[in-house]
Amino acid sequence: MCRNVQLNGVAHLVHPRQADARMLMYQHQKASERFDVIDLDPYGSPAPFLDAAVQAVSEGGLLCVTCTDMAVLAGNSGETCYSKYGAMALKSRACHEMALRIVLHSLDLRANCYQRFVVPLLSVSADFYVRVFVRVFMGQAKVKASASKQALVFQCVGCGTFHLQRLGKASGASGGRVKFSAACGPPVAPECEHCGQRHQLGGPLWAEPLHDLDFVGRVLEAVSTNPGRFHTSERIRGVLSVITEELPDVPLYYTLDQLSRTIRCSTPSLLQLRSALLHAGFRVSLSHACKNAVKTDAPSSALWDIMRCWGKECPVRRERLSETSPAFRILGVEPRLQADFTIREDANPSSRQRGLKRFQANPEANWGPRPRARPGGKAAGKAMERSRLHQNKRKEPAEDPVQRAARLKTFPCKRFKEGTCQRGDQCCYAHSSPAPEDRPETPYQNPPGPGVASGPGVD
């Protein structure tokens, strides 16, 4: 780093430091010594650095956080997610957006300890990681509102229907004041109203908008004005365009395959389902976190009514369904809403019409994060390569078939002694009886049969 600073002539701007990142940020807690921008991009979880980062960033400064531990954030280890981020992650189709909201919840929770709060600018789920950009501010009154920005998630284990329950409630009071209190709930019954299954409880997570659309618009304009500045400008334009089309006030989403798999029917096209929701008077959008996502403000009852209508157009063989399955119970109710699947022009989003690069495919097989960096750099890498080459070096080489046959011929065939071996010369053991002088002496003889005297002095 020092050599690069000298080569680029930026010694008056860049001051490299080799130290523990947490201790360095803790040493810059004073308002006059805080950083304008902090970018956390460790291998795996940034959880150990969040507490120091929210204290070391300046008032209104930018905090960028990257998380590559998606297995934890996506619900594979809910208890590990709680220990790192203070929230339980659920396995669901909306796991990538849930991961973003868990990270924002963790940032806001740590900032609240120091009378600070976060304002998201941009939250992106891409490839095998999530990345959030937030601004950090000071304000005791705004910190009190943080509880009303967090929510728990009730998710049905059968049909996947989810409901959000805010942790706090903010209501108006006399004199223009805001009164904060605990929210009332839960929003669901012990059993799901659609399929009768139980609910899983996840969260808390961030329930407010993930992006500042004005900021996203300015970034999109800057990239579009100078497309040659970045090698990935096409992908940046596509992802940001989808973000501007997302419904900002609708947390989480459903997916096409999830809805159709639940009722065991063929999958409708994206335009057909979006058109049905628009005909019913609801809003609908895509999500940059999932290619076949359906983000809508329609209640779950209306969404399942639309799927029941689709199940009638593409009949489901109900005789094959179990009476306790979610599909049987959902299809056993007549829809109150009659869906219209006629394609509407506004059902096709602008980014899709323009053919933007919205969802990039993996460039190679097994695409994902590389192994953790090890001390020693290239030398350590060469040592690991040598260890791979010398694996199983103590293992004996495979025996030659001719040598094996010669070795086995030195042992007499037990079946030949019994008179049951029929292989003759093809037998891998020897059929010749050993000479008397070659026979080993047996110190112990078989015990005498019944009626035969035994003991000392008896021959």
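**A four-stranded sheet, a shared core and a buried glutamine**

Four strands form an open sheet in the order S1-S2-S4-S3, and their pairing is mixed. Strand S1 (35-40) and strand S3 (116-126) occupy the edges; each has a single partner strand, so one side of each is left without a neighbour in the sheet. From one strand to the next, the twist averages 15°. These descriptions refer to a predicted model.

Within the sheet, strand S2 (residues 57-67) and strand S4 (residues 129-138) run antiparallel and are joined by seven bridges. Thr66 has Arg131 in S4 as its bridge partner.

The sheet is one part of the overall fold. The protein contains 17 helices and 12 strands. Of its 459 residues, 41% count as buried. Among contacts between residues at least 6 apart in sequence, 62% join residues at least 24 apart.

The nonpolar interior can be considered next. The largest nonpolar core comprises 81 residues, and Leu63, Leu73, Ile102 and Leu107 are those with the most contacts inside it. Helix H6 (residues 95-112) supplies the largest share of this core, namely eight residues. Domain 1 (1-146) and domain 2 (254-354) both contribute residues to the core, which therefore lies between them. Another core, of 11 residues, lies apart from this one, and its members include Val124, Val216, Leu220 and Leu240.

Leu73 illustrates the surroundings of one residue of the largest core. Leaving aside neighbours within four places in sequence, Leu73 is in contact with Cys67, Cys81, Tyr85, Ala89, Cys95, Ala99, Ile102, Val103 and Val130. Ile102, one of these contacts, is itself listed with Leu73 among the residues that have the most contacts inside the core.

A polar residue offers a further point of interest. Gln55 is located in helix H3 (residues 47-56). Is Gln55 buried or exposed? Its relative accessibility is 10%, and because buried means under 20%, Gln55 counts as buried.

Which side chains make polar contacts with that of Gln55? The side chain of Gln29 is joined to the side chain of Gln55 by a polar contact of 3.5 Å, and that of Tyr114 by one of 3.1 Å. When residues up to four places away in sequence are not counted, Gln55 touches Tyr26, His28, Gln29, Arg34, Tyr114 and Arg116. Both polar partners, Gln29 and Tyr114, thus appear among the residues that Gln55 touches.

How values were computed. Residues numbered from 1 in each chain as written. Predicted model: local features only at pLDDT ≥ 70, side-chain atom pairs only at ≥ 80, totals over all residues. Heavy atoms only, no water. Helix = DSSP H or I, 4+ residues; strand = E, 2+ residues; numbered from the N terminus. Buried < 20%, exposed > 50% of the residue type's maximum accessible area, 1.4 Å probe, protein only. Polar contact = N/O pair within 3.5 Å; in protein donor to acceptor, adjacent residues only side chain to side chain. Contact = heavy atoms within 4.5 Å. Core = buried A, V, L, I, M, F, W, Y, C linked by side-chain atoms within 4.5 Å. Domains from an automatic or database assignment. Pairing = 2+ DSSP bridges. Axes fitted to C-alpha atoms, helices over the stretch in contact; angles between N-to-C directions.
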